[in-house]
Amino acid sequence: MDEIESDELQKVSGGLSILERMVNQNTYDEISQDFKYWEDAADEFRSGQGSLLPLWKLSYEKARKYSVTSLKWNSKYKDFMAVGYGSHSFMNDKGGLLCFYTLKNPSFPEFIFSANSGISSLDSNTDDFNLVAVGFYSGNVAVYDLAQSKEDNPVYTSTALTGKHSDPVWQVAWQKPDPDGFLNFYSISSDGVMKSWTLMKNELQHAEVIQLRVEGQSLVGPSGVESELLGCGTCFDFSLKLDYIFLVGTEEGRIHKCSKTYINQYLDTAQAHNMTIYSLKMNPIHPSVFLTCSADWTVKVWNHAELEVGPLFTFDLNSPVADACWAPYASTVFAACTIDGFVYVYDLNINKYAPLCKQQILQSKKGKLTRLVFNPHFPVLIVSDDRGTLYSFKLSPNLRKVEVEKGSSDETEMAKMDKLISFVLEPLLVKQ
């Protein structure tokens, strides 16, 4: 009887999904009209300033007890997003959720997967858009396939026998397939180890990429034997043009420039922040520029070819900065969110010292902001909090002027950033 009922439900599920979206289209019609047509007319009278228009609020009742720990847009479906839920409490790992939302149906997730441990990171594959790599608070990693995963079971998962991290996995990121054509991704953990994971036919194989060391410091044991002090990795990103070069941010506030070809050896290192680095993002257009944000209240923009010079720009946001990310359409635009509920949007080409937009989107009594991400196709910014809610905003015209500039291209954007780099570096190099 159960099998018959299941077959009948599958037959009508497509029609029910269409009906649900029709109902949502009517329910959220005003917001949909704002998303498509609304532009803030006040931008014409306030040069160098912009605003964020609230759109949909995405939430799931069972996710309210979790914190949103990671966000990633799908590479094929422009309005489809993966969201990871977990907890940052060592004493309170209640499990986690992996949910997939679409802006066409903001009232409920399209897919829901439960996990025994909190999800601390995730990344969607850009080529095989069904695949999502997930890092867990328990130190395990897994791969979910929306086309094959049944119930809550991933298609690949690590174990203590086959290899795992001993601490939470703070970031995972897909890379190009290896020379044999096998898919692979990288992970980093506060256990001080960065690993690569290869999706073989029947198993997930791992290899150590680098072990983070705290140079110049060691631990002395009871017997007087010195042992190397390991760093705690929190984030990383790969160079866009030289995919063997990557940068790592640590809990100690250091940045390490590394290469896949030099295992356990740094190409360069810098003491970037006074506290934990929460996020490190390479610029999507300029291959040498990246940004970092930290619990020390600052966002910093760097040139990894000149790490020893220090940051190109430093912005103090008066509160721990939970996340920061570059806009996909411009080399000089980025956004950041702080745990006290503020979102900042900067355009270094327009103003090198102050944000174009500073907007409080959440009262501090109602929670803390955790993550944010630009949509790569629409003028939309998604921001999340520690109570399982996603907030979507439309960027006003002044925050995305570059989108409609005639002749705007990657070369133009590169030139803008190169001009800023020379503006900052020339005086410093003259002093040296």
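How much space lies in the largest cavity? I put this question to a predicted model, and I found that about 30 Å³ of space lies there.

**Entry on the cavity**

I began with the general idea that rolling a probe the size of a water molecule over the atoms shows where empty space is left. Counting cavities of 30 Å³ or more, I arrived at one. I then looked up which residues line the largest cavity, and I noted Leu212, Arg213, Val214, Gly231, Thr250, Glu252, Arg254 and His256. Two elements give two or more residues to this lining, namely strand E14 (213-220) and strand E18 (254-259). When I sorted the lining residues by character, I wrote down two nonpolar, three polar and three charged.

**Entry on the sheet with E18**

I followed strand E18 into its sheet, which is open and is formed by four strands in the order E16-E17-E18-E19, with antiparallel pairing. Strand E16 (233-238) and strand E19 (262-271) stand at the edges, and each has a single partner strand, so one side of each is left without a neighbour in the sheet. I also noted that neighbouring strands of this sheet are turned by 25° against each other on average, with direction ignored. Looking at one pairing in detail, I found that five bridges join E16 to strand E17, residues 245-250, and that the two run antiparallel. Phe238 stands opposite Phe246, which belongs to E17.

**Entry on another sheet**

I reminded myself that strands of a sheet pair through backbone hydrogen bonds, either parallel or antiparallel. In the open sheet of four strands with the order E6-E7-E8-E9, I found the pairing to be antiparallel. Which strands stand at the edges here? I found strand E6 (119-124) and strand E9 (156-157) there, each left with one side lacking a neighbour because each has a single partner strand. Between E6 and strand E7, residues 131-136, I noted five bridges in the antiparallel sense, and I saw that the bridge partner of Ser124 in E7 is Val132.

**Entry on the cysteines**

I next recalled that a disulfide is a covalent bond between the sulfur atoms of two cysteines. How many disulfides does the structure hold? I found zero, and I wanted to know why Cys235 forms none. The closest cysteine sulfur to that of Cys235 is in Cys293, 7.7 Å away, which is too far for a bond, because the cut-off is 2.5 Å. Cys293 is likewise in no disulfide, since the nearest cysteine sulfur, that of Cys337, is 7.6 Å away. I finally checked burial, and Cys235 is buried at a relative accessible area of 1%, while Cys293 is buried at 0%.

How values were computed: Residues are numbered from 1 along each chain as its sequence is written. This is a predicted model: local features need pLDDT of at least 70, side-chain atom pairs count only at pLDDT 80 or more; totals for chains, interfaces and linings use all residues. Side-chain values use heavy atoms; hydrogens and water are left out. Buried means under 20% relative accessible area, exposed over 50%, partly exposed in between (1.4 Å probe, protein chains only). On a 1 Å grid over the protein atoms alone, a cavity is a set of points where a 1.4 Å probe fits but cannot get out, and a pocket is an open set with protein on both sides within 12 Å along at least five of seven lines; lining residues have an atom within 4 Å of a point. Grid points are joined across faces, edges and corners, and a volume is the space filled by probe spheres set on the points. Ala, Val, Leu, Ile, Met, Phe, Trp, Tyr, Cys and Pro count as nonpolar, Asp, Glu, Lys and Arg as charged, and the others, Gly among them, as polar. Two strands pair if DSSP finds at least two bridges between them. Axes are lines fitted to C-alpha atoms, for helices over the stretch in contact, and angles run from 0 to 180 degrees between N-to-C directions.
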